[in-house]
Amino acid sequence: MRLQGKTMQVAGGTDGIGAQLIRQLRDKGAMVIASGRSAERIAATRADGFEVIAADLSTAAGVDALVAELGDRRIDILVNNAGMGTDYDFRSGEVDLAGADFDATVALHPSMAEELVLMR
């Protein structure tokens, strides 16, 4: 895939797989716009030279904030990598889904992709 000159938005680009992905994409010539929730991780990612939009994509308000910050910029490639990790050893027994923030862990707000596609 040719990424030179492409503008990419990487949701969850400030930590974990997303943080590694944005660096590789930039090395291949893409213009990367990351998004994330943690102020500390956002600051660290900006310090590495990335544009980062603060947005919690598990909420409609977070999706609206991302879309507003992107404005009328063309996004060639969207990577939905947002998520929330948990510190849990699955070998130790059953997962307590009632006690977990299951929706925030598993899914972005359902309107995210639609909002970004329809912003044109």
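In this predicted model, strands β1 (residues 7-11) and β2 (residues 31-36) run parallel and are joined by five bridges. One such pairing involves Q9, whose bridge partner in β2 is I33. The two strands belong to an open sheet of four, ordered β3-β2-β1-β4, with parallel pairing. The edges are formed by β3 (51-54) and β4 (77-80), each of which pairs on one side only. Neighbouring strands are turned by 20° against each other on average, direction ignored.

Helices lie across this sheet. Helix α2 (residues 39-47) lies across β2 and β3 and runs at about 165° to β3. Helix α3 (residues 60-70) lies across β1, β2 and β3, and its angle to β3 is about 145°. The two sides of α3 differ in exposure. G62, V63, L66, V67 and L70 are buried. These residues fall on the same side of α3 because they cover an arc of only 135° around the axis. A61, A68 and E69, on the other side of α3, are exposed. Just after the helix comes G71, with a positive phi of about 60°.

The largest nonpolar core has 11 residues: L3, M8, V10, I22, L25, A30, V32, A34, I42, F50 and V52. Two or more residues of this core come from each of β1, α1 (16-27) and β2. Another core lies apart from it. This other core has nine residues, including I53, L57, V63 and L70.

Two members of the largest core, V10 and I42, illustrate the packing. V10 is found in strand β1. Its relative accessibility is 0%, so V10 counts as buried. Leaving out residues up to four places away in sequence, V10 touches L21, I22, L25, V32, I33, A34, S35 and V79. V10 and I77 are 67 residues apart in sequence, yet their C-alpha atoms are 8.5 Å apart in space. For I42, contacts beyond neighbours within four places in sequence are T14, G36, R37, V52 and A54.

Charged side chains form a further set of links. The count of salt bridges comes to four. In one of them, the side chains of D15 and R41 meet at 3.6 Å, N to O. D15 lies in the loop between β1 and α1 and R41 lies in helix α2, so the pair ties together parts that are 26 residues apart in sequence. D15 counts as partly exposed, at 42% relative accessibility. R41 is also partly exposed, with a relative accessible area of 38%.

A salt bridge also joins the side chains of D48 and R23, at 2.5 Å, N to O. This pair links distant parts of the chain, 25 residues apart. D48 sits in the loop between α2 and β3, and R23 in helix α1. D48 has a relative accessible area of 40% and is partly exposed. R23 is partly exposed too, with a relative accessible area of 23%.

R74 and D76 form a salt bridge as well, their side chains meeting at 2.4 Å, N to O. R74 counts as exposed, at 62% relative accessibility. D76, in turn, is partly exposed, with a relative accessible area of 26%.

Note on methods:
Residues numbered from 1 in each chain as written. Predicted model: local features only at pLDDT ≥ 70, side-chain atom pairs only at ≥ 80, totals over all residues. Heavy atoms only, no water. Pairing = 2+ DSSP bridges. Axes fitted to C-alpha atoms, helices over the stretch in contact; angles between N-to-C directions. Contact = heavy atoms within 4.5 Å. Buried < 20%, exposed > 50% of the residue type's maximum accessible area, 1.4 Å probe, protein only. Arc of directions from axis to C-beta. Core = buried A, V, L, I, M, F, W, Y, C linked by side-chain atoms within 4.5 Å.
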